[in-house]
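Welcome! Here are some exercises to work through with a protein model open in front of you. Try each task yourself before you read its solution.

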Amino acid sequence: MQSNRNLPFVAAFAGMISVQSGAAFAKTLFPLVGSDGVAALRLGISAIVLLAVFRPWNIKKGDISWPSILLYGVILALMNLLIYRAFAYIPVSIAISIEVMGPLLAALLTSRQKSDLIWIALSALAMVLLAAGDVKGEIDLRGVGFSLAAAMFWGLYVIIGRRVSGGGGRSVAIGMTIAACIAVPPGTVQAGMALFSPEVLLVGFSVAVLSSMLPFLLDMYAMRWLPSRVFGVLLSGSPAVSAIAGWLVLHETLTLIQCLGIACVMAACAGCALFSRQKTAS
């Protein structure tokens, strides 16, 4: 029984490692197909595989909310397109550190505790440290802007994801298909026929498995059984995992000051998830 209770924690942690590793590998394709091309590969391949596996056309009426699943798909598409565009301008770990502010803000909006000011202050300090540590001039404001936009959609993903989690893999398959319909056209325009070369498709399939198929299925399971605050604490580790993945795969390095900024982001997300009182039950 104890092992069964631990499975949602393991699923959430494994999903976080998978998606951040996939993000680092995805950036290796940017010189070949561009950021939109990678998003198209990730979502397009994921949609095809998930449709074949889960066959969501057999879903019963009333099992899911179609307005919510449509919104879920749109959010997936924009979240992917925006964060990959951010990766094109700034290191992966910096982009993820900014993007993770989305779930943090979503949690803060459901709380009215004075202690929330601590997490807001830590978040602000994190942004200052990330900028102050940019001694090599690697932070491009365009990347910051795309990361902030992606953060908004990641926050919405956490909220809407819980609404459609009852459909399990079928919800992910339908949402991913909607996302692919949005992301594939601009990706194809940007990448052209390079999108279909064997080398690109092979890496693209790996990215799709690591970044979409596996983590979103794990997230669905985790969000179904874990309280929002606990899921938020686990998500707070994303910046650290992305920094390690960026260093191992892309050889991206951070200064000590930027590492402190990432630590502040993690502390703000974990603290908010642990101590902020929810207005409604998780």
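**Exercise 1. Place S35 in the fold, decide whether S35 is buried or exposed, and list its contacts.**

*Solution.*
Step 1. Keep in mind that you are looking at a predicted model. Find helix α2, which covers residues 30-54; S35 sits in this helix.
Step 2. Take the relative accessibility of S35, which is 10%. Buried means under 20%, so S35 counts as buried.
Step 3. Set aside the neighbours within four places in sequence and look for contacts: S35 is in contact with F30, Y84, R85 and Q190.

**Exercise 2. Describe the overall make-up of the chain.**

*Solution.*
Step 1. Count the elements: there are 12 helices and zero strands.
Step 2. Read them from the N terminus on, and the run is α-α-α-α-α-α-α-α-α-α-α-α.
Step 3. Now look at burial: 51% of the 282 residues count as buried.
Step 4. Turn to the outside, where the chain exposes about 12900 Å². Carbon and sulfur atoms supply 71% of that area.
Step 5. Finally, take the contacts between residues at least 6 apart in sequence: 90% of them join residues at least 24 apart.

**Exercise 3. Find the aromatic pairs and classify the pair of Y72 and Y157 and the pair of Y89 and F146.**

*Solution.*
Step 1. Rings pair if their centres lie within 6.5 Å, and planes under 30 degrees apart count as stacked. By this rule the count comes to four aromatic pairs.
Step 2. For Y72 and Y157, the ring centres are 6.0 Å apart and the planes are at 25°, so this pair is stacked.
Step 3. Locate the two partners: Y72 is in helix α3 (residues 66-87) and Y157 is in helix α7 (residues 141-164), so the pair ties together parts that are 85 residues apart in sequence. Both Y72 and Y157 are buried.
Step 4. Move on to Y89 and F146, which form a stacked pair with 6.2 Å centre to centre and 15° between the planes. Y89 lies in the loop between α3 and α4 (92-99), F146 lies in helix α7, and the two are 57 residues apart.
Step 5. Check how open this second pair is. Y89 has 32% relative accessibility and counts as partly exposed; F146, with a relative accessible area of 23%, is partly exposed too.
Step 6. Look for a cluster as well: ring pairs link F30, Y84 and F87.

**Exercise 4. Search the structure for a cavity and describe its lining.**

*Solution.*
Step 1. Start with the idea behind the search: rolling a probe the size of a water molecule over the atoms shows where empty space is left.
Step 2. Searching the whole structure gives one cavity of 30 Å³ or more. The largest cavity has a volume of about 260 Å³.
Step 3. Ask which residues line it. There are 21, and the closest to the centre of the largest cavity are V19, Q20, R42, E99 and W154.
Step 4. Trace where the lining comes from: α1 (2-27), α3, α4, α7 and α9 (198-225) each supply at least two residues. The largest share, six residues, comes from α1.
Step 5. Sort the lining by class, and you get 14 nonpolar, four polar and three charged residues.

**Exercise 5. Describe the surroundings of A183 and S236.**

*Solution.*
Step 1. Find A183 in helix α8 (residues 168-191). With 0% relative accessibility, A183 counts as buried.
Step 2. Compare sequence and space: A183 and L78 are 105 residues apart along the chain, and their C-alpha atoms are separated by 7.9 Å.
Step 3. Not counting residues up to four places away in sequence, A183 touches A39, A40, L43 and L81.
Step 4. Go to S236, in the loop between α10 (228-235) and α11 (238-250). S236 has a relative accessible area of 6% and is buried.
Step 5. With the same sequence limit of four places, S236 touches M266, C269 and A270. The C-alpha atoms of S236 and L104 are separated by 8.7 Å, with their positions 132 residues apart along the chain.

**Exercise 6. What is the sign of phi in H251?**

*Solution.*
Step 1. Recall the background: most residues other than glycine have a negative phi.
Step 2. Read the angle of H251: phi is near 60°, a positive value in a residue other than glycine.
Step 3. Place H251 in the loop between α11 and α12 (256-275). H251 is exposed, with a relative accessible area of 64%.

Note on methods
Residues are numbered from 1 along each chain as its sequence is written. This is a predicted model: local features need pLDDT of at least 70, side-chain atom pairs count only at pLDDT 80 or more; totals for chains, interfaces and linings use all residues. Side-chain values use heavy atoms; hydrogens and water are left out. Rings of Phe, Tyr and Trp (its six-membered ring) pair if their centres lie within 6.5 Å; planes under 30 degrees apart count as stacked, over 60 as edge-to-face and the rest as tilted. Helices (H or I, at least four residues) and strands (E, at least two) are DSSP runs, numbered from the N terminus. Buried means under 20% relative accessible area, exposed over 50%, partly exposed in between (1.4 Å probe, protein chains only). On a 1 Å grid over the protein atoms alone, a cavity is a set of points where a 1.4 Å probe fits but cannot get out, and a pocket is an open set with protein on both sides within 12 Å along at least five of seven lines; lining residues have an atom within 4 Å of a point. Grid points are joined across faces, edges and corners, and a volume is the space filled by probe spheres set on the points. Ala, Val, Leu, Ile, Met, Phe, Trp, Tyr, Cys and Pro count as nonpolar, Asp, Glu, Lys and Arg as charged, and the others, Gly among them, as polar. Contact means heavy atoms within 4.5 Å. Accessible areas come from the Shrake-Rupley method with a 1.4 Å probe; for residues, only the protein chains shown count as cover.
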